[in-house]
Every structure is written in structure tokens, then in C-alpha cells.
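Here is a brisk structural report on one protein. Look over the sequence and the model before reading on.

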Amino acid sequence: MKIAVASKNFETVTGHAGKNRRWLVFEVQDGELHLPPAQVELEKPQVFHHFKDDGPHPLDGIEGLIAASSGDSFLRRMEKRGVKAIMTRESDPEVAVRALLKEQLPPPKPRPITGLICKAHDAFSKH
């Protein structure tokens, strides 16, 4: 199983998953987490906010996705791709993946007023 973690700096879990270019991809086999994770940097057309789902994608094959935040349209899009996307307040990518495997990943931080703006934007999103 492969789990992708949004990480703009390849060190911490970051938000805005749909616009994120950098991802850590963790491999899990027989319940064992294999380290180090692969570092994937997407080209602009591959960023999910821009990607048209019209061909292969560097993150094809992932089953799970972790980020600090995302819009509802991104979550729906991942669901259509068969990917379970989970948001969290955990900032350490490895700790987040281990917690996900134990089904103990802490929920995301509450979103302030900007969360409402994102929801309004998502309501009209093409995704």
C-alpha cells in the first residue's frame, strides 16, 4: 500500500492539498512502514487543482492521502480516484502515517473564517 503525504518542504505535513506540488510517498507492506519515503515533486499541470484526469499521474496507485487541509472538491475528487484522503493536525509525516495505520490519526485543526471562504469557492469549483 502507498500513502501520500502533502509536504511543501518534504519535512512537515502541509495543507492546501489540491494545490500542493510536493508529496512524500510512504510504502507499507505487511503492516511494515518502509523508510525513507519517496519524494515526488509534481509539475504544474500535474497539481490536482490543474490536472484534468486525462492520463497517468505520478501519484497513481496511492490508497491513502494525508494533508493538513483541503477543500471539499478535492476530497470528492480523491474519492472518485479510489483514494482515502484524511486531514490531520499532526505535523510529522512519519508519525501521521503510523497513526493512520493504527486508525489513531488526530483530526485537523478547526478552520477559521477562511474555511468558509474555501467552502464557498468549492461550491463553484470545476472539480
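Which residue in β2 does A4 stand opposite? The partner is V25. Note that this is a predicted model.

**Overall layout**

Five strands and three helices make up the protein. Their order along the sequence is β-β-β-β-α-β-α-α. The chain has 127 residues, and 37% of them count as buried. Among contacts with a separation of 6 or more, 49% link residues 24 or more positions apart. The accessible surface is about 7600 Å². Carbon and sulfur atoms hold 52% of that surface.

**Strand β1 and its partners**

β1 spans residues 2–6. Four of its five residues are buried, so the strand is mostly covered, with buried meaning under 20% relative accessible area. β1 pairs with β2, residues 22–29, in the antiparallel sense. Five bridges join them. β1 also pairs with β4, residues 64–67. Here the sense is parallel, over three bridges. V5 has I66 in β4 as its bridge partner.

**Helix α2**

Helix α2 covers residues 93–101. Its buried residues include P93, A96, V97, A99 and L100. Seen down the helix axis, the buried residues of α2 fall within an arc of 165°, so they line one face. A general rule applies: an α-helix has 3.6 residues a turn, so residues three or four places apart point the same way. The cover over the buried residues of α2 includes β1, β2, β3, β4 and β5. β3 runs over 32–41 and β5 over 84–87.

At the start of α2, D92 contributes a side-chain oxygen. That oxygen lies within 3.0 Å of the backbone nitrogen of E94. E103 follows α2.

**Backbone exceptions**

Most residues other than glycine have a negative phi, and most peptide bonds are trans. Three residues with positive phi are listed here.

| Residue | Phi | Place |
|---|---|---|
| F10 | about 60° | loop between β1 and β2 |
| H16 | about 55° | loop between β1 and β2 |
| E103 | near 55° | following α2 |

Neither F10 nor H16 is a glycine. Is H16 buried, partly exposed or exposed? Its relative accessibility is 47%, so H16 counts as partly exposed.

The peptide bond between L35 and P36 is cis. Its omega is about -5°. P36 sits in strand β3, and β3 is among the strands that cover the buried residues of α2.

Notes
Residues numbered from 1 in each chain as written. Predicted model: local features only at pLDDT ≥ 70, side-chain atom pairs only at ≥ 80, totals over all residues. Heavy atoms only, no water. Helix = DSSP H or I, 4+ residues; strand = E, 2+ residues; numbered from the N terminus. Buried < 20%, exposed > 50% of the residue type's maximum accessible area, 1.4 Å probe, protein only. Contact = heavy atoms within 4.5 Å. Areas by Shrake-Rupley, 256 points an atom, 1.4 Å probe, with all protein chains shown as cover. Pairing = 2+ DSSP bridges. Arc of directions from axis to C-beta. Polar contact = N/O pair within 3.5 Å; in protein donor to acceptor, adjacent residues only side chain to side chain.
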